[in-house]
Amino acid sequence: MPAVVVIGTQWGDEGKGKIVDNLAEQADVVVRYSGGSNAGHTVVVDGKEYKLHLLPSGILYKGKTCVVANGVVLDPESILKELRGMEAQGIDVSGLRISDRAHVVLPYHKKLDELQEAALGDAKIGTTNKGIGPCYMDKAARVGIRVADLIDPEVFAQKLARNIAEKNKILTAIYGAEPFDYATVLAQYNEYAKQLAPYVTDTATLLHQSVAKGEKIMFEGAQATFLDLDHGTYPYVTSSNPIAGGVSTGAGVGPKAITTVVGVVKAYSTRVGEGPFATELLNETGDHIRQRGHEYGTTTGRPRRCGWLDARVVRYAAMLNSLDYLAITRLDILDELPSLKICVGYRHNGRLLEEIPASLKVLAEVEPIYEEMPGWQQDISGIRKYEDLPLNARRYVERLSEVVGVPLGIVSVGPGREQTIILKKMF
Ligand code: IMP
C-alpha cells in the first residue's frame, strides 16, 4: 500500500508538477488535498505544455483515479473550464472524483479577496485573488457551502440566500462595492452543479478502499511548506495546510497510511507575493535566474522574486514534513552561473540562530550565512545519469542534501519527462 506524498519545501513553484507527473505514471490514484485554483502546475508531455490548477496531474494519464479531496476549496467555474479544456484535447477525464465535503468558492469570495487585499495597502499579502482565503474563512466560521450542498438544489438555495445576504452587507457597507444578485448566482451555480454531480463522491471512503486494496496512491501537494497557514511565514501564507500533515485532514487518510514523503526543492529560491525572503537577489544574478528560468507565475503571470538556494529553510521543511527524499528541480537553470551560493544558516545581530524565527521582523533582519561553490558552466539538460553530471553540479546537490539531512531521490535537468534522473524509485 505505498502512499507517497509530494510537497514543496520552499514558497511554491518548485516544479512539483513535473515530479508529480513522473510519479503519477506509476500511481493508481492521484490526490489533491489542499488549496484550490491558486495552484498552478505546469506539466510538459511530448513537448506539449499543460497548465493545471485544480485537476490532479494524474488526469493526463489514462485509467487513473484522480481525487479532489475534502481539503480543497473548489471553484466550479475553474475546474469545469479545465475539464472542458482537457476533453477538447482528447484527454479522458472519467477518472475524476470530487469530494462531497470540499468547500465551494463563490463569486463573493473572489470579490472579497480582492477588496481585502486592496484595503491592506502596503500590508497586502499578494494573494492570487482566487477567493481562497475568504472561502477557508467561511469553512472555519462554519457557514461554508460544501459540494454536497451545491448538488442539492434545495439546500444550496437556502444556504446561498443566507450567505449572499450577509456578504452583500459586508460588500456594500464596508467596501462600498456592488452587491451580488442572488438569482444570477443561483442559476449559474445550479448549472455548474449539474455538470459536476457525476464526479461527486465520498473520497475519504474511496481512499480508504484504495489503501485496503494495496493500490499505489500519490498525494500531490499544492503551494508549499513556507506558505502553510500554521508553519509558514504568517501572514504571508495561504489559508490551508500544504505540509505533509495536511494529507490526513485534507484527504481523510490517517498518518500511518503514508509510506514516503518526497520534498521538492528548486535548485534556487523564488517567491511570489509579499513576505520575507532572506536570500533574495535584487541584482543581475536575480534577473538572470528569472529570465533563464521563466520565473513568472502560472496562475497570475506575476514576475517571481528570485534568490540563492536557502538550505536552512529546506532543513526546516525536512523537519516539518518528515521528508524521506529530496527531489531537486531546475538544476539546469543554473548552468551558466560561474559561482553559486547556498545559505546554510542565519545570523541575527551577530548571533547564530538555531531556529527559524517566528517573528517576521527578525526574519526580515536575518543575515544569511553563505557557502560559495563554483558553478559547472555547461549544458546539463541532456544528461540522464547522475554520475554523468559535472562534478560541481553533484557537489552542489550533495551539499544541499548534507545540510538538510535528507538523501537525494530525484534530480531534474529540464522540463521534459525524460529529463529526470531517478536515484530512488518512490513506488
Ligand atoms: P492565496 O493562496 O491566493 O491566498 O495567496 C497567499 C499567498 O500564497 C500569496 O503570497 C500567493 O502568491 C501565494 N501562493 C498561493 N498559491 C501559490 C502557488 O501555487 N505557488 C506560489 N505561491 C502561491
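In this predicted model, Phe156 has a relative accessibility of 0% and therefore counts as buried. Tyr189 is buried as well, with a relative accessible area of 2%. The two rings form a pair: their centres lie 6.2 Å apart and their planes meet at 20°, so the arrangement is stacked. This pair links distant parts of the chain, since Phe156 belongs to helix α6 (residues 153–174) and Tyr189 to helix α7 (residues 182–196), with their positions 33 residues apart in the numbering.

Tyr189 also takes part in a second ring pair, with Tyr192; here the centres are 5.0 Å apart and the planes stand at 70°, so the pair is edge-to-face. Both tyrosines sit in helix α7, three residues apart, or about one turn of the helix. Like Tyr189, Tyr192 is buried.

The count of aromatic pairs comes to six. Elsewhere, ring pairs join Trp11, Phe226, Phe277 and Tyr316 into a cluster. A charged side chain meets a ring too: Lys64 lies over the face of Tyr61, at 5.6 Å from the ring centre.

Turning to the ligand, 17 residues surround it, and the closest are Asp13, Asn38, Thr128, Thr238 and Arg302. The shell is made up of six nonpolar, nine polar and two charged residues. Ligand oxygen atoms make polar contacts with side-chain N or O atoms at 2.6 Å for Thr238 and at 2.8 Å for Asn38. The backbone contributes as well, with a polar atom of Val272 at 3.4 Å from a ligand oxygen. Taken alone, the ligand exposes 470 Å², and the protein buries 96% of that area.

Terms used
Residues numbered from 1 in each chain as written. Predicted model: local features only at pLDDT ≥ 70, side-chain atom pairs only at ≥ 80, totals over all residues. Heavy atoms only, no water. Near = heavy atom within 4 Å. Polar contact = N/O pair within 3.5 Å; in protein donor to acceptor, adjacent residues only side chain to side chain. Areas by Shrake-Rupley, 256 points an atom, 1.4 Å probe, with all protein chains shown as cover. Nonpolar A, V, L, I, M, F, W, Y, C, P; charged D, E, K, R; others polar. Phe/Tyr/Trp six-rings, centres within 6.5 Å; stacked < 30°, edge-to-face > 60°. Helix = DSSP H or I, 4+ residues; strand = E, 2+ residues; numbered from the N terminus. Buried < 20%, exposed > 50% of the residue type's maximum accessible area, 1.4 Å probe, protein only. Lys NZ or Arg CZ within 6 Å of the ring centre and 35° of its normal.
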